[in-house]
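Please walk through the fold, the core, the surface patches and the charged pairs of the structure below.

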Amino acid sequence: MGRRVRMAAVDALGLPRDVVLGETVISMEGGRTMVIENYRSILFYGDGCLKLLTKNGKISVEGNGLMIDYYDEESMRVTGVIRRIEFE
């Protein structure tokens, strides 16, 4: 089944996109904590920048004192001063 057909089915049935299509979900808690779900891999990690590969592209997080508190194959929690999130 093609992506366009799956998206139409998800919309018609009111199903959550992150579950059915594996789309990335980002939850922010203020400007100092974020949880990222459904990422594929860590491309780069430093205290000022985090780059992730997702199913639909890349995500860059910029800030100060960035730390990955935990991660597994589905989600991660990042803390620090989060200044910018960019979708590539």
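Arg77 is partly exposed because its relative accessibility is 28%, a value that falls between the 20% limit for buried and the 50% limit for exposed. This residue belongs to strand β6, which spans 75-87. The model is a predicted one, and Arg77 is a convenient place to enter it. Its C-alpha atom is separated by 4.4 Å from that of Val35, although the two residues are 42 apart along the chain. The side chain of Arg77 also takes part in a salt bridge with Asp69, with an N to O distance of 3.3 Å. Asp69 has a relative accessibility of 40% and therefore counts as partly exposed.

A second pair is formed by Glu86 and Arg84, whose side chains meet in a salt bridge at 2.2 Å, N to O. With a relative accessible area of 27%, Glu86 is partly exposed, and Arg84 is partly exposed at 42%. The count of salt bridges in the model comes to two.

The overall layout can now be set around these pairs. The chain holds two helices and six strands, and their order along the sequence is α-α-β-β-β-β-β-β. Of the 88 residues in the chain, 30% are buried.

Which residues make up the largest nonpolar core? There are twelve: Met34, Ile36, Tyr39, Leu50, Leu52, Ile59, Val61, Leu66, Ile68, Met76, Val78 and Ile82. At least two of these core residues come from each of β2 (33-37), β4 (49-54), β5 and β6. The largest share is that of β5, with four residues. In soluble globular proteins, nonpolar side chains tend to be buried together.

Not every nonpolar side chain of the model is in that setting. Ile42, Tyr45, Met67 and Tyr71 make a nonpolar surface patch of about 420 Å². Both β3 (39-45) and β5 supply at least two residues of the nonpolar patch. Tyr71 is a member of this patch and lies in strand β5. Why does Tyr71 count as exposed? Its relative accessible area is 56%, and exposed means over 50%. Strand β5 thus appears in two roles, because it supplies four residues of the core and also at least two of the nonpolar patch.

The surface has a charged patch as well. Glu37, Asp72, Glu73 and Glu74 form a negative surface patch. Glu74 sits in the loop between β5 (57-71) and β6 (75-87). The relative accessible area of Glu74 is 51%, so this residue is exposed.

One backbone detail remains, at Asn38. Its phi is positive, about 65°, although Asn38 is not a glycine. The residue is found in the loop between β2 and β3. Is Asn38 buried, partly exposed or exposed? Its relative accessibility is 25%, and Asn38 therefore counts as partly exposed.

Taken by strand, β6 carries Arg77 and supplies at least two residues of the core, while Arg77 itself is bridged to Asp69. The loop between β5 and β6 holds Glu74, one of the residues of the negative patch.

Notes. Residues are numbered from 1 along each chain as its sequence is written. This is a predicted model: local features need pLDDT of at least 70, side-chain atom pairs count only at pLDDT 80 or more; totals for chains, interfaces and linings use all residues. Side-chain values use heavy atoms; hydrogens and water are left out. Patches are made of residues with over 30% relative accessible area and no salt bridge: like charges are joined within 9 Å, nonpolar side chains (Val, Leu, Ile, Met, Phe, Trp, Tyr) within 5 Å. Accessible areas come from the Shrake-Rupley method with a 1.4 Å probe; for residues, only the protein chains shown count as cover. A salt bridge is a side-chain nitrogen of Lys or Arg within 4 Å of a carboxyl oxygen of Asp or Glu. Lys and Arg count as positive and Asp and Glu as negative; His and the chain ends are not counted. The place of a charge is taken as NZ of Lys, CZ of Arg, CG of Asp or CD of Glu. Buried means under 20% relative accessible area, exposed over 50%, partly exposed in between (1.4 Å probe, protein chains only). A nonpolar core is a set of buried Ala, Val, Leu, Ile, Met, Phe, Trp, Tyr and Cys residues joined through side-chain atoms within 4.5 Å.
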